[in-house]
Amino acid sequence: MHFKQFASALLVLFGTSRACLHEHIRAPQLRDVEDALRKRDVPASVKTAIHNVRVFDGYVIGKPQTVIIDGEYITDNDEDIEQIVDGGNRILIPGLIDAHAHVQSVEGLENMTSYGVTTIFNMACANYELCESLKSNPGLASLFTTMLAALGPAGGNPNLNPVSPELLLQPGEDPRFLVNYAFGNGSDYFKIIGAANGPTQAQQNEMVDYAHFLGRFVVTHAPGLSPYTQAIASRSDVLQHIPDDGLLSPCLIKTIKERGLAASPTMEIFRRAYTIQPEIGLFLRGNISANATYAHVLTNVRHLHEAGVPILAGTDAVGNLVPQIYFPFGESLHQDLANLVSIGMTPAEALRAATVVPATVHRLGDRGVIRPGMRADLILLNSNPLVNITNTRDIARVWAGGIEYANVAKLTKV
């Protein structure tokens, strides 16, 4: 199905109102976040033994065992247990990781955590203090974020990547000041917006090289063939999105693999834009091309997977940041796992794409697997996700950093 067909139907109703919608987006406020954090009732961390659980080790589900939580971490020390949980022969998997989201509120963190998403890679933040306050809160998903994206004069979405004019990258300008600015203001990694009139190839190369010189990590927004090709040439660590306007050549895919790059294709935003919420594509992405099809998305992701390129599950979810375009946190990541299975991944591979693979790619050695010494980010499932990936929605309990989250989402299986 062609995105143009959706666009032509919507432009009359939606296109003329886009400016008004932009004006009515309420920018998140630091005081709102601080108030919400003060009002939280966080239970105390207690040393907990979860008996009779079958653990997903990244490949298979093992025999019943005991997993012990001590503070934020898993331990093998069984002394002084304060609480015992009967796992009931259920399945324990690592907390899920959304490798591409836009969370800017405590409510967003709560929604993610309720669905077992315990780590978030946030892809934009205009308010440095606000995002810093969201990063690490007991009993909620951990948030890592980029504060400032590298944008050209006319590139990117100003609502999700708001940048003041003096920080827009001009043609011929040395881009290293943006890298320094971003990391000097709390960015965990650096983001480049690849787009028409965005940073040139030379500027992208320079930013990636400089960030790597600093020992830092780079992701690039690249939803089309042209920006994707530029991102590959720059050696950006993670290619965000996937081209929907054509097919990646075998040569490009081979280069991605040889250079050790990873991809977070954000299939769920494409699925929604092409099948149920075309306004998402118009408003959030602006990626309208005569050649754009969802078939290109599916084929490109399948070819990356077949080539052995590391795939990171990610949604591009924004929650209710734009009231007219609701794109839910948490729930959407479970659907993205189903999307990955639809292109040929096994359920175990899809789970790895939302656990150990993004943790490894993003150099987080303390999460993504269940073993002593790792963060106690855990999901207890009623049903086996290796039988059907949609069973990740059948959640019994969630722990984030060793603290049980009370209000877990109760999803019906699809």
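Let's start with a pair of strands. β14 and β15 pair in the antiparallel sense, over three bridges. Strand β15 covers residues 403-405. One facing pair to look for is Val398, which stands opposite Tyr405 in β15. A reminder before we go on: this is a predicted model.

How many residues sit between β14 and β15 in their hairpin? Two. Look at Gly401 in that turn: its phi is positive, at about 60°.

Now the other partner of β14. Strand β13, residues 378-381, is joined to β14 by four bridges. These two strands also run antiparallel. Here Leu380 has Arg397 of β14 as its bridge partner.

Is β14 mostly covered or mostly uncovered? Mostly covered. The strand spans residues 395-400, and five of its six residues are buried.

Step back to the whole sheet. It is open and has seven strands. The order is β3-β2-β1-β4-β13-β14-β15, and the pairing is mixed. A word of background: strands of a sheet pair through backbone hydrogen bonds, either parallel or antiparallel. Which strands are at the edges? They are β3, residues 73-75, and β15; each pairs on one side only. Ignoring direction, neighbouring strands in this sheet are turned by 45° against each other on average.

A helix joins the picture here. Helix α4, residues 106-114, lies across β14 and β15. Its direction is about 130° to β14.

Next, two helices together. Helix α7 is residues 201-213, and helix α8 is residues 225-234. Their axes come within 9 Å and cross at roughly 40°. That makes α7 oblique to α8. The crossing is right-handed. Which residues meet there? From α7, Gln201, Gln204, Asn205 and Val208. From α8, Gln230, Ala231, Ala233 and Ser234.

Last topic: the cores. In soluble globular proteins, nonpolar side chains tend to be buried together. In this model, the largest nonpolar core has 70 residues. Those with the most contacts inside that core are Ile120, Tyr228, Leu304 and Leu340. Tyr228 falls within the residue range of α8.

Take Leu340 in more detail. Leave aside its neighbours within four places in sequence. Leu340 is then in contact with Met267, Val301, Ile311, Ala313, Met345, Ala350 and Ala353.

Apart from the largest core lies another, of 20 residues. Among its members are Leu168, Val179, Val208 and Ala211. We have met Val208 already: this α7 residue is one of those in the meeting with α8.

Key:
Residues are numbered from 1 along each chain as its sequence is written. This is a predicted model: local features need pLDDT of at least 70, side-chain atom pairs count only at pLDDT 80 or more; totals for chains, interfaces and linings use all residues. Side-chain values use heavy atoms; hydrogens and water are left out. A nonpolar core is a set of buried Ala, Val, Leu, Ile, Met, Phe, Trp, Tyr and Cys residues joined through side-chain atoms within 4.5 Å. Buried means under 20% relative accessible area, exposed over 50%, partly exposed in between (1.4 Å probe, protein chains only). Contact means heavy atoms within 4.5 Å. Two strands pair if DSSP finds at least two bridges between them. Axes are lines fitted to C-alpha atoms, for helices over the stretch in contact, and angles run from 0 to 180 degrees between N-to-C directions. Angles under 35 degrees count as roughly parallel, over 145 as roughly antiparallel, 65 to 115 as roughly perpendicular and the rest as oblique. A crossing is left-handed if the near helix is turned anticlockwise from the far one by less than a right angle, and right-handed if clockwise.
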